[in-house]
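Visitor: Hello! I am new here and would like to look around with some help. Could you show me what we have?

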Amino acid sequence: MNPIISSIIYFAIGMFFCAIGYKVFDIITPFDLNKEIDDHNVAAGLAVAGIFIGVAIVVSAAII
């Protein structure tokens, strides 16, 4: 398969799972992450960044 097409497919898979991970984390937490980030809550932003990094590590390990 063409490496460019493979990269695009892996990117799409990674973004899909990052979005799913964000939604699951938003459902689990008792507060609205979007509202907290809009209110400049740094802790909420760091939590979301951690979720994205964690999901990205798992997806990259599954792809390789």
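Visitor: Which residues does I51 touch, not counting residues up to four places away in sequence?

Guide: Welcome! Please keep in mind that this is a predicted model. I51 lies in helix α3, and its relative accessible area of 22% makes I51 partly exposed. Leaving out residues up to four places away in sequence, I51 touches G21, Y22 and F25.

Visitor: How many helices and strands does the protein chain have?

Guide: Reading along the sequence, you meet the pattern α-α-α. The secondary structure of the protein chain therefore comes to 3 helices and 0 strands.

Visitor: Is the protein chain spread out or compact, and what is its radius of gyration?

Guide: Along its principal axes, the C-alpha trace spans about 45 × 20 × 15 Å. For 64 residues the globule rule gives 11 Å, and the protein chain is well over that, so it is more spread out than a compact globule. Its radius of gyration is 14 Å.

Visitor: How far apart are the end C-alpha atoms of α1?

Guide: Helix α1 has 26 residues, and at 1.5 Å a residue they should span 38 Å. The distance in the model agrees with that expectation: the end C-alpha atoms of α1 are 37 Å apart.

Visitor: Which residues of α1 are buried?

Guide: Across the protein chain, buried residues make up 19% of the 64 residues. In α1, the buried residues pack against α2 and α3. They are S6, G14, C18, G21, Y22 and D26.

Visitor: Where does α3 reach, from its first C-alpha to its last, and how many Å is that?

Guide: Helix α3 has 22 residues, for which 32 Å is expected at 1.5 Å a residue. The model comes close to this, as α3 reaches from its first C-alpha to its last over 31 Å.

Visitor: Which residues of α3 are buried?

Guide: Let us start with what they pack against: the buried residues of α3 meet α1 (3-28) and α2. The buried residues of α3 are A44, V48, V55 and V59. They lie on the same side of α3, because they cover an arc of only 40 degrees around the axis.

Visitor: Which residues are exposed on the other side of α3?

Guide: Turn the helix around to look for residues over the 50% cut-off for exposed. On that other side of α3, the exposed residues are V42, A43, L46, I53, I57 and A61.

Visitor: Which residues is V55 in contact with, leaving aside its neighbours within four places in sequence?

Guide: V55 is found in helix α3, and V55 counts as buried because its relative accessibility is 19%, under the 20% cut-off. The C-alpha atoms of V55 and Y10 are separated by 13 Å, although these residues are 45 residues apart along the chain. With neighbours within four places left aside, V55 is in contact with F17, C18 and G21.

Visitor: Is T29 buried or exposed?

Guide: T29 lies in the loop between α1 and α2. A polar atom of the T29 side chain is 3.2 Å from the backbone oxygen of D26. The relative accessible area of T29 is 13%, so T29 is buried.

Visitor: Which side chains meet in a salt bridge?

Guide: Side chains of opposite charge can pair when their charged atoms come close. The structure holds 1 salt bridge, with 3.1 Å from N to O. Both partners are partly exposed, D39 at 48% relative accessibility and K35 at 47%. The side chains that meet there are those of D39 and K35.

Visitor: What is the phi of H40, which is not a glycine?

Guide: The place of H40 is in the loop between α2 (33-38) and α3 (42-63). With 71% relative accessibility, H40 counts as exposed. Although H40 is not a glycine, its phi is positive, at about 65 degrees.

Visitor: Which residue caps the N-terminal end of α3?

Guide: Look for a side-chain oxygen that lies 3.1 Å from the backbone nitrogen of A43. The residue that offers this oxygen, and so caps the N-terminal end of α3, is N41.

Terms used
Residues numbered from 1 in each chain as written. Predicted model: local features only at pLDDT ≥ 70, side-chain atom pairs only at ≥ 80, totals over all residues. Heavy atoms only, no water. Salt bridge = Lys/Arg side-chain N within 4 Å of Asp/Glu carboxyl O. Buried < 20%, exposed > 50% of the residue type's maximum accessible area, 1.4 Å probe, protein only. Helix = DSSP H or I, 4+ residues; strand = E, 2+ residues; numbered from the N terminus. Expected span 1.5 Å × (residues − 1). Arc of directions from axis to C-beta. Contact = heavy atoms within 4.5 Å. Polar contact = N/O pair within 3.5 Å; in protein donor to acceptor, adjacent residues only side chain to side chain. Rg over C-alpha atoms; globule rule 2.2 N^0.38 Å.
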